[in-house]
Amino acid sequence: MKGVQPLNKTRSKLVVLGTTGLALLALVGLVLTLGPTVADRIANRVANEGRHFPSEDVEALHHGTFVVDLHADPLLWSRDLTERNGHGAVDIPRLIEGNVALECFFLVTKSPYGLSIDYTVPGSDVVTLLAFAQGWPPATWGSLLERALYQAERFRKLPERTQGAFTIVQSKSDLREYRRAREQGQVQVAGILGVEGAHVLEGELENLDVLDKKGVRIFGLTHLFDNDAGGSAHGVERGGLTEFGRGLIRELESRGILVDLAHASSATFDEAIALVTKPVIVSHTGVLGTCDSSRNLSDDQLRAVAATGGVVGIGLWDLAVCGSAPTDVARAIRYAVDVAGVEHVGLGSDFDGGVPLVTDASGVGRVTAALVEEGFSAEEIPLILGENAVRVFEQTLPD
């Protein structure tokens with residue numbers, strides 16, 4: 001029997017590599033033949049577009065709330081975010097229409113072919129193909145850091161391109177000023193910049209300097225692969241924090257950059273929680289209590305985030321909540337609130353993250369209506385929809 005095991009393991013690897021190879025060929029053909037816009041349409045499908053309110057009271061509640069979404073990936077795609085698009089989930093007009101006051105825009109620099117929440121092939125990377133097909137500068141084709149900087153520059157140009165309807169939040173004072181301006185009708189929506197996965201640093205902690213200067217204020221330690229900082233929930237080793245990762249957390253907290261534990265392996269999650277001195281977030285996730293997935297948080301993890309004073313962002317995609325309806329999202333939020341407390345739960349849509357979505361940005365009011373149906377009060381709903389996230393930003397952002 002001992003002699004059979006290596007052979008079976010080899011065959012298993014060949015199956016994985018063969019499947020990945022077919023997925024690669026299919027994706028190359030899709031993007032190069034039909035174009036990145038088609039890939040965008042297929043990857044970012046939305047089940048229920050548009051708004052829906054069962055009553056004027058619910059509509060007034062939603063539009064009277066400062067809504068914050070903790071995770072979206074529109075900068076990965078080539079669409080013009082200043083115009084209302086007919087595909088994908090996020091652009092400035094749809095954020096305004098859905099009353100999303102503050103959106104967290106993440107920089108995605110690497111993602112595998114044949115995406116799986118249980119295992120990802122370390123060497124594969126679809127973003128290289130997207131960068132080439134979408135006409136990104138040649139420097140981005142081989143550098144994860146350059147991909148982040150290119151996307152960050154697109155983000156930084158949005159205020160000028162929207163004639164002031166959009167603003168960028170990088171500090172506590174920025175956040176306070178924006179809220180005052182929004183109340184006076186001067187600015188309609190704001191964004192905070194985040195990065196997904198420490199692989200963007202390319203093994204050099206000094207590269208955090210340039211990301212900090214570009215305005216990154218949320219930092220996800222891991223994404224879909226294990227990296228220099230620690231293990232991913234979808235990786236091969238799924239180990240804990242490395243010495244590099246521990247140093248990174250200390251540096252992030254000293255700079256006022258919020259630590260995000262989305263996609264972290266159990267070991268990385270536990271060791272990071274034990275090390276942090278400020279609130280953390282899990283920007284986009286589900287909960288095991290309503291959806292049994294290796295991607296989702298256990299009750300102990302929910303309580304651990306709450307113990308730091310942080311917030312868990314409940315996702316708006318099927319594998320996070322085991323469903324494609326706003327009521328599935330509300331059910332997950334109810335469970336998270338019952339375990340962690342209403343002060344520690346928020347929204348983390350994963351808009352434009354290559355997953356089928358419950359709604360696009362214009363239809364976030366559907367979630368509000370589902371929360372009302374779930375029995376949440378008019379005092380609790382604003383906390384969940386945004387004020388909990390605002391509190392964390394006020395505690396962690398630089399002055």
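At 34% relative accessibility, Arg331 counts as partly exposed, a class that falls between buried (under 20% relative accessible area) and exposed (over 50%), taken with a 1.4 Å probe on protein chains only. The model is predicted, so local features need pLDDT of at least 70 and side-chain atom pairs count only at pLDDT 80 or more, while totals for chains, interfaces and linings use all residues. Residues are numbered from 1 along each chain as its sequence is written, and side-chain values use heavy atoms, with hydrogens and water left out.

Arg331 is a good place to begin with charged contacts. Its partner in a salt bridge is Asp328, with the closest N and O atoms 3.8 Å apart; a salt bridge here is a side-chain nitrogen of Lys or Arg within 4 Å of a carboxyl oxygen of Asp or Glu. Asp328 is buried, with a relative accessible area of 15%. The two residues lie 3 residues apart in helix H15 (residues 326-340), about one helical turn; helices are DSSP runs of H or I with at least four residues, strands are runs of E with at least two, and both are numbered from the N terminus.

Helix H15 also holds Asp338 and Arg334, 4 residues apart and again separated by about one helical turn. Their side chains meet in a salt bridge at 3.8 Å, N to O, and Asp338 is exposed at 56%. Salt bridges that share partners also join Asp209, Asp212, Arg217, Glu251 and Arg255 into one network. Across the whole structure, the search finds 21 salt bridges.

Arg334 has a second contact to look at: its charged end sits over the ring of Phe376, 3.8 Å from the centre. For this, NZ of Lys or CZ of Arg must be within 6 Å of the ring centre and within 35 degrees of the ring normal. Arg179 likewise lies over the face of Phe66, at 4.2 Å from the ring centre.

Turning to the rings themselves, there are 6 aromatic pairs, where rings of Phe, Tyr and Trp (its six-membered ring) have centres within 6.5 Å, and planes under 30 degrees apart are stacked, over 60 edge-to-face and the rest tilted. Phe132 and Trp141 form an edge-to-face pair, 5.1 Å centre to centre with 70 degrees between the planes. Phe155 and Phe166 are also edge-to-face, at 5.9 Å and 85 degrees. Phe155 lies in helix H7 (residues 144-156) and Phe166 in strand E3 (residues 166-168), so this pair ties together parts 11 residues apart in sequence. Phe155 is buried at 1% relative accessibility, and Phe166 is buried at 2%. With Phe105, these two residues form one aromatic cluster.
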